[in-house]
Each structure stands twice: as C-alpha cells, then as structure tokens.
Amino acid sequence: MPVWWRLVALGLQHVLAFYAGAVVMPLLVAQGLGLSAADTAALVNTALVACGVATLLQAVGLPGIGIRLPVVQGMSTAAVPSLVSVGVAAGGADAGLPTVFGAVIAAGAVLFLVAPVFGRLVRFFPPLVTGTIVTVVGVTLMAVAAGQVGGGDPGADGFGTPAQLGLAAVTLAVIVVLYRFAKGFVASVAVLLGLVAGTVAAALTGRADFSGIGDAAWFGVQAPLHYGAPRFDVMAVLAIVLVMVIIAVESVGQFFAIGEIAGREVDERGIARALRADGLATVASGLLNSFPTTVYSQNVGLLRLTRVTSRWIVAAAGVIMLVLGLVPKVGAVVAAMPPAVLGGATLVLFSTIAVVGVQILVKADLSDARNTVLVAASLGVGFLPTAYPQFAEHMPTRQLQVLFESGIMLGTLTAVALNLFFHHLRPPARTRTTRTRTARTRPGQDAPAEETGPAV
C-alpha cells in the first residue's frame, strides 16, 4: 500500500479520468424521463456514491465477492435506453422511478445468483478472444474521445473549433512531455497534471465555467428509496436483466485486460467473484436511487500508462467518489473541467486500451487464417455502430436496438461466436459403416470388399 499522499493523488487521477462518463449517464436518464433540475442533481450525487461502493467492492472485496484487482466501476451508459423506456412506460418523471429502481434491484440480484455460470465460461475466452474484445473496446471508444476533443456536443456551434482543439492539445502535450522527461511520482500522475494544465488554460481563455460551484451545496445526499418502495414489474425486470447480461459480457473482457496489466491471471473463480460484486453493487445502486455500474475503460488505459496497479489506489479512488457524492460543491469543481480538456486525456487513455488488446493478441496464433478472420470480422462488426449509429434505429425490437447501439457488444458477441464456430464445434459424426471400414483399412491399402454371401 503506497503512502497516504500517493494514495490521494493517484486515486484522484483515477476519479478525474472516470468522472465525466459517470455523471453523463444519470444526466441522460434524467433528461429522458423529464426530471426536474433538483432531481437531476440528486441523481448525479447518488451515482457517485454508488460508483464508490461498487469500486470498493471490487478492489477491497468481501468473502467470495470482488475480484480484488484495481477495477474502477462507473455508471453504465449501455443501460440508458432501457432505463428510460422502463421509466416512461411506468409514468415518466418521478412516477416512473420506483419501477426503474425495482428493476435495477431485481436485475442485480439475478446477476449475483448466476455469476458462477459466467465464471465457467472462462475457457471460451482464450487470448485470441479477450485480445480481440479489448481491441474492439479501445477502437470503439476512440470515437468518444474524439467527441470530447471537439467540445462534447457535436450539435453545438463551437464544436471542433481551433479553440476546442487547442485545449485538448495543451492537455495532451503536457501528458506527452511529462512521460518523456519526468520520472517517478511526477510521471505516474502525468494525466492528472495534464488535466490541471488544460483547465488552467481554459480558465485563462474564458472557456471554463465555474459558476456552478457557488450554487452547489456543501453537503447533501438522498436517503435510500427516496422515491418510495420499489415496484417489481416483470417486463421491466426482464428488460434490465438483458442489459445486465450485456454489461457482464463486456466486463469479462475488461477483467482479463486488468489481470494482464496487473500481472495476475484471472480464472473462473475470479470472474465469478467479480460478477457477484457487480450484482451486489447493482442491488445497492437501486436502493441508493441509482443505476447499474460497469468497469470503466478509461481507467484500464490509465493503469497501463502509469504501470501503477495497486488496488489500494483504486480503493482510495472509491473513497474519493463517496466524498464527491456526499459533498456536491467538491463535485461541482470537477464538473467545471471543459470536455475538450478531458478529451485530450481520454484520447490517450482509450487508445491505450487498443494497445493492451494488441499485446494480448500477440499470445494468439495469428498465422492461422481462422484466427485472422475472427479478429478481422469482430473488429469490423464492432466498428459498425461507431461509423453509422443509424443502424440501431431500424432494428425491429428495443433489445436489438440496444445491441446495435453498442459496438463493444457486437464485437464481443462476434468474437465469442466465431471462436465457438472455429475451435469448439465438432464436425458431424460419420456413419458407423464408414468408421468400421476406416478402422479395417491399413495405410496404403484399399478397404476390404463387402461380403455378398458364401462362395460358389
């Protein structure tokens, strides 16, 4: 365990890397349900608390629960469409939230119970598959980083202007220079220092808005089940269970990537413990008026860049998340960081994930044409939603729409299916007669003639 000041600095770096994605997810759900500004702010705070609880469960763990690796958990954006659909169908706004949280609690309980089943599937995730999945994650998330570099909102007038690109460039340049010339602790917090430098540059050019800091309260959090007792609607629960399955499949690849970076093999029991923690954290999230969590990819990239893989640093990040959730004014300071500044950092972090995937793929036999086709097809299919998100709009069901909105999920399913097809499915058994004739035939000899009756 590092000394306390290293824990705080390195933990804060993880929080800054994950913060934007963690707060965007509850904002999207709040907008979809038509919640008030006060409810929206409360959902953001409870999301941070839920992320802190989930991160501590993974990094520190309980008996039989938690992978005990440096895993940072954040809000899952893959769940947004289903959560909004469930909430709107239940009445929208505050009226729909008890049904939403009831579905989240039930889905988390289901994942907790079936976690050992996912653990037994580890043999279907060799380096060929896990490397492909991690590479798909990195390539897919590069588009997210590019959006942040431009300013966050592609529909805004100033998106992609030289000013936005300049802020991202300042952040990226500081990170690159520090990795080139700095050593020791300074090099390990290069991303944090880059974000600080980018924010200072934004403030000096009038592109950072700190007005929200004064409006935020010093302390406040919603009580558990603030919106009333959870309602358990069967169709709502099934919809969120499907989302949890998607999240679990995506997370498996991330767990393998973190194990690779940390130098610890992730086995069947490790996957089961990790998914139990995911399930338990999701149950806690529902009780805390929040949503499902998942492994955050940008923090996987940060682990690879810094090479600091102490799980206690991530545990410190979990504690900082709890503080941010309980002290809205502190969270408002972090929220004032412009998207372009975050984009300069995530451009490196997300691309580093793809590099980790390539490192894992080196262990696979890519001289085999089947393996090459598996990697190529998975990357291509996974890139479809990134290139043309409109594909999801034409899917006939909400479940297929959710699937085609996630390039990570499409690429993951393709890699797993092709691995089964190429390496696990056996060809049809031959007939008994054929097997008998083959057994009687010696190498270089013809098969014996069939007997047609006694000789005359």
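Biologist: Where in the protein chain is confidence lowest, and where is it highest?

Modeller: Look at pLDDT, the predictor's confidence in each residue, from 0 to 100. Here the low point is helix α19 (residues 432-440), with a mean of 49, and the high point is helix α11 (residues 268-287), at 91. Over residues 441-456 the pLDDT is below 50, and beyond near neighbours in sequence that stretch has five contacts in the model (contact means heavy atoms within 4.5 Å). The chain as a whole averages 80, and 87% of the residues score at least 70.

This is a predicted model, where local features need pLDDT of at least 70 and side-chain atom pairs count only at pLDDT 80 or more, while totals for chains, interfaces and linings use all residues. Residues are numbered from 1 along each chain as its sequence is written, and side-chain values use heavy atoms, with hydrogens and water left out.

Biologist: How many helices and strands does the protein chain have?

Modeller: Both are DSSP runs numbered from the N terminus: helices are H or I, at least four residues, and strands are E, at least two. This chain has 19 helices and two strands.

Biologist: How do helices α5 and α18 pack?

Modeller: You fit axes to C-alpha atoms over the stretch in contact, then take the angle between N-to-C directions, from 0 to 180 degrees. For α5 (residues 127-150) and α18 (residues 407-423) the angle is about 160 degrees, with the axes 9 Å apart. The two are therefore roughly antiparallel (over 145 degrees; under 35 is roughly parallel, 65 to 115 roughly perpendicular, the rest oblique). Among the residues that meet there are Val129, Ile133 and Val136 in α5, and Gly411, Ala415 and Val416 in α18.

Biologist: Is Gly96 buried or exposed?

Modeller: Buried means under 20% relative accessible area, exposed over 50%, and partly exposed in between, using a 1.4 Å probe and protein chains only. Gly96 has 0% relative accessibility, so it counts as buried. You'll find Gly96 in helix α4 (residues 93-119). Leaving out residues up to four places away in sequence, Gly96 touches Gly87, Ala90 and Gly91. The C-alpha atom of Gly96 is 9.4 Å from that of Arg231, although 135 residues separate them along the chain.

Biologist: And which residues does Ser285 contact?

Modeller: Setting aside neighbours within four places, Ser285 is in contact with Ala50, Ser290, Phe291 and Thr293. Ser285 lies in helix α11 and is also at 0% relative accessibility, so Ser285 counts as buried. Across the chain's 456 residues, 51% are buried.
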